[in-house]
Amino acid sequence: MRKPKLRELKEAVTALVKGPYTSKFPKAPAIISERYRGKPEYHEDDCVLCGACGEVCPPGAIDMVQERREDGTAVRRMVLHYDICIFCGQCQRACITEKGIILSNKFDLAVFDRSEAVETVEDELLTCDVCGEFITSRKHAQWIARKLGPIAYSNPALVLAAWGDMGLVDEMATRSERPLKRTDNMRLLCPSCRRSLIQTEEWG
Ligand code: SF4
Ligand code: SF4
């Protein structure tokens, strides 16, 4: 048998005195470093469902689902599949509110059914009053309006979202007749209908 090298012998003696380097988890709670990057978690109060985290996620672990409910309202849902997540932290870095998604120190994420490995957050979607096209989440529009302050008054959709935030406007009835008229200016319109309205106003 070859003699152990001095360095290995030193390590063995150190381990005898200090105890093993490994932890006793799961018998004892694991000691997690403060900077550990574990399960990303949405924070409903701070997430405005803008979708930026899904855009930057390298393995495509975050889906944005948009659907219309039976009652006619629409919803946007961010679905994070943490069985695909590589815990890189890009979602947290790109979050426009800086607090919408934060990597926790949770690491014990095993599940029997992978469909349970999801983290979701959802909010109402604003839709075009004329064609019904999805615009963005209500929270996102309100967040942009608050961020822009008085400049938001240059965009009717943001003004309506801000007024809705303050409880100053009720939901408007949809209308599908065309061409759009000047009175439609203060409606919630998707970019396509807004362009069509401006073209009608400018060139008839
Ligand atoms: S930590 Fe990285 S991989 Fe995981 S959800 Fe965020 S961006 Fe995607
Ligand atoms: S607010 Fe942050 S966490 Fe929420 S969807 Fe946007 S980037 Fe993702």
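## Two domains

The protein chain splits into domain 1, covering 35-126, and domain 2, covering 128-204. Keep in mind that this is a predicted model. Computed between C-alpha centres, the two domains sit 28 Å apart.

Where they touch, domain 1 puts in 11 residues and domain 2 also puts in 11. On the domain 1 side, strand S3 (74-81) and strand S5 (118-127) supply at least two residues each. S5 gives the most to that side, with 4 residues. As for chemistry, the domain 1 side that touches domain 2 breaks down into 6 nonpolar, 2 polar and 3 charged residues.

## The S5-S6 hairpin

S5 turns up again here, this time with a strand partner. S5 and strand S6 (residues 134-137) run antiparallel and are joined by 2 bridges. One pairing to look for is Thr-127, whose bridge partner in S6 is Phe-134.

Together S5 and S6 make a hairpin, with 6 residues between the two strands. If you're checking backbone torsions, have a look at Gly-132 in the turn: its phi is positive, at about 85°.

## Helices H4 and H5

Now for a helix pair. Helix H4 takes in residues 138-148 and helix H5 residues 156-165; their axes come within 8 Å and cross at roughly 100°. An angle from 65 to 115 degrees counts as roughly perpendicular, so that is how H4 lies relative to H5.

On the H4 side, the contact is made by Arg-138, Ala-141, Gln-142, Ile-144, Ala-145 and Leu-148. H5 answers with Ala-157, Leu-158, Ala-161, Ala-162 and Asp-165. Sorted by class, the residues of this H4-H5 contact come out as 8 nonpolar, 1 polar and 2 charged.

## Around ligand 1

Ligand 1 has 14 residues around it. Cysteines feature among the closest: Cys-57, Cys-85, Cys-88 and Cys-91 are on that list, along with Gln-90. The shell holds 12 nonpolar and 2 polar residues, and no charged ones.

## Around ligand 2

For ligand 2 the surrounding set is 15 residues. The nearest are Cys-47, Cys-50, Cys-53, Cys-95 and Gly-100. By class, the shell around ligand 2 has 12 nonpolar and 3 polar residues, again with no charged ones.

How values were computed:
Residues are numbered from 1 along each chain as its sequence is written. Chains are lettered from A and ligands numbered from 1 in the order in which they are written. This is a predicted model: local features need pLDDT of at least 70, side-chain atom pairs count only at pLDDT 80 or more; totals for chains, interfaces and linings use all residues. A residue is near a molecule or strand if its C-beta atom, placed from the backbone, lies within 6 Å of it. Ala, Val, Leu, Ile, Met, Phe, Trp, Tyr, Cys and Pro count as nonpolar, Asp, Glu, Lys and Arg as charged, and the others, Gly among them, as polar. Axes are lines fitted to C-alpha atoms, for helices over the stretch in contact, and angles run from 0 to 180 degrees between N-to-C directions. Angles under 35 degrees count as roughly parallel, over 145 as roughly antiparallel, 65 to 115 as roughly perpendicular and the rest as oblique. Two residues are in contact if their C-beta atoms, placed from the backbone, lie within 7 Å. Domain bounds come from an automatic or database domain assignment. Two strands pair if DSSP finds at least two bridges between them.
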